[in-house]
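Reader: I have a structure open and want to learn how to read it. Can we go feature by feature?

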Amino acid sequence: MNAVFPRNSILNERHIALGTKFESSWNGMPLPQFYATDPYDEVTAVRSRAGLIDVSSLQLVNVTGPEAVTLLNEILTSDVDKLKPGQSAISNIVDENGSLIDDVLVYRNGPEDFRLSHGSGKLEEVLAEFSPGRDVTVASDGDTHILSLQGPLALDILKPHASIDLATLAYFQHAPATLFGKPVTLARGGYSAERGYEVFASAADTVFLWDAILEAGKPFGAMPVSWQSLDIVRVEGALLFFPYDMPKGDETPWEVGADWTVDLDKPSFRGKEALVRRKGEQRVVQRGMEIDHHEQIEPGAKLFKDGKEVGSLNSSIYSRHLMRSIALVHVLPELGAFGTEFEVVGPQGSFTGRLVKTPFYDPLRLRTHPLDER
């Protein structure tokens, strides 16, 4: 396996014991796409109890030093200096044409100390281009693993074993702590549209923590969750996945509904002029779609209106929880009204789909953003 994949999770043996054949990979790391358990049973656990997911295939980069803020503000679309230590935020990177080339979760640990988490985009290439000559240190972190416990009972499971009061940790906040006696960083967030927590730990402690979390979660009905189920819950929550929800490869934040990550009030940053220019040039809009079919529609299906191709189906699932075939799609702006119907054409045939508001699950996002925290 090591000869084929440059990166491997320290939890691979645990994944194999759970039945995976490592059916897919991401960022050079094999993924437990499926376990022996039914993915929909795993979704039920996440929605009603808790599920533990190994998301260590995310890539981590530490950026530290006196010019860390200056560097990051030059390459990211948001203003990282608005973050206080202990806060995090989603940002993006665009090229000189304003096209998305990566999405990044920025964690601010201190005034000059940042951790960046990203997927399969070009963050590290851009850092290598912009950091030389600056008083800053950029270091990839190949040791830290990330365990994500997602679900309404996640707090109940972890709180007795954490050295900090997890109940006071707000969404998109993080803090150093110990968990089951091991040094970690605990962050509130995730990719499931549920309340959840991410555990950043050294490889040396990760197997112990995986086992300890599942053991503590047994009385609560917690279980390991595969990437197949992670994909289901993230689409139910209408959470985008770079680059699968950017099929053209040159979409702007305006076209994928990520305008909230762009701060045009901050000084010049890479691609800012192009973003200003392209703000009024949207070729597509991001929407959710319900499809009249009893199965998932294959990603890449085309959308037609009055016989003309007018959009694409990007991420899709069948949601047993919602009893719907649903998808994240791009359509022409003039056809983006909710309720608009399209013909969805793919390898499985032709079906009727209509635009609906998102997120599909928990439309007011009360699970992740309770009213008493707003």
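Reader: What covers the buried residues of α3?

Author: First, a caution: this is a predicted model. A residue counts as buried under 20% relative accessible area. For α3, the cover includes β4 (59-64), β5 (88-94), β6 (100-110), β7 (113-118), α4 and β8 (137-141).

Reader: Which residues of α3 are buried?

Author: They are A68, V69, L71, L72, N73 and I75. That is six of the eight residues of α3, so the helix is largely enclosed by the rest of the structure.

Reader: α4 was in that cover. At what angle do the axes of α3 and α4 cross?

Author: Take helix α3 (residues 68-75) and helix α4 (residues 123-130). Their axes cross at roughly 120° and come within 11 Å. Angles of 65 to 115 degrees would count as roughly perpendicular, and those over 145 as roughly antiparallel. The crossing therefore makes α3 oblique to α4. It is a right-handed crossing.

Reader: Which residues make the contact?

Author: From α3, L71, L72, E74 and I75 take part. From α4, the residues are L123, V126, L127 and F130. Sort them by class and you get seven nonpolar, no polar and one charged.

Reader: Now strands. How do strands of a sheet pair?

Author: They pair through backbone hydrogen bonds, either parallel or antiparallel. Try β7 here. Six bridges join β4 to β7, and the two run antiparallel. Q59 has H118 in β7 as its bridge partner. β6 also pairs with β7 over six bridges, in the antiparallel sense. There, L105 stands opposite S117.

Reader: How many residues lie between β6 and β7 in their hairpin?

Author: Two residues lie between them. β7 itself is mostly covered, with five of its six residues buried.

Reader: What is the strand order in the open sheet of six strands?

Author: Read across the sheet, not along the chain. The order is β10-β11-β12-β9-β3-β13, and the pairing is mixed. β10 (174-179) and β13 (223-224) stand at the edges with a single partner strand each, so one side of each has no neighbour in the sheet.

Reader: How many bridges join β11 to β12?

Author: Four bridges join strand β11 (residues 182-188) to strand β12 (residues 196-201), and they run antiparallel. One pair to find is T185 with F200 of β12.

Reader: Which helix lies across β9?

Author: Helix α6 (residues 203-217) does, running at about 15° to β9. α6 also lies across β3, β10, β11, β12 and β13.

Reader: Let's try another strand. How many residues of β17 are buried?

Author: Seven of the eight residues of strand β17 (residues 324-331) are buried, so β17 is largely enclosed by the rest of the structure. Look at its partners next. Seven bridges join strand β14 (residues 285-291) to β17. Strand β16 (residues 308-319) has eight bridges to β17. β14 runs antiparallel to β17, and β16 does too. E290 stands opposite I326 in β17, while S316 stands opposite A327.

Reader: Which residue in the turn between β16 and β17 has a positive phi?

Author: That is M323, with a phi of about 55°. Four residues lie between the two strands of this hairpin.

Reader: One loop to finish. Where does G339 lie, and is it buried or partly exposed?

Author: G339 is in the loop between β17 and β18 (341-346). It has 44% relative accessibility, so it counts as partly exposed. Now look beyond its neighbours in sequence. G339 touches R354 and L355. G339 and R354 are 15 residues apart along the chain, and their C-alpha atoms are separated by 5.5 Å.

Methods: Residues numbered from 1 in each chain as written. Predicted model: local features only at pLDDT ≥ 70, side-chain atom pairs only at ≥ 80, totals over all residues. Heavy atoms only, no water. Axes fitted to C-alpha atoms, helices over the stretch in contact; angles between N-to-C directions. Parallel < 35°, antiparallel > 145°, perpendicular 65-115°, else oblique. Left-handed = near helix turned anticlockwise from the far one by under 90°. Contact = heavy atoms within 4.5 Å. Nonpolar A, V, L, I, M, F, W, Y, C, P; charged D, E, K, R; others polar. Pairing = 2+ DSSP bridges. Buried < 20%, exposed > 50% of the residue type's maximum accessible area, 1.4 Å probe, protein only. Lists of a residue's contacts leave out its neighbours within four places in sequence.
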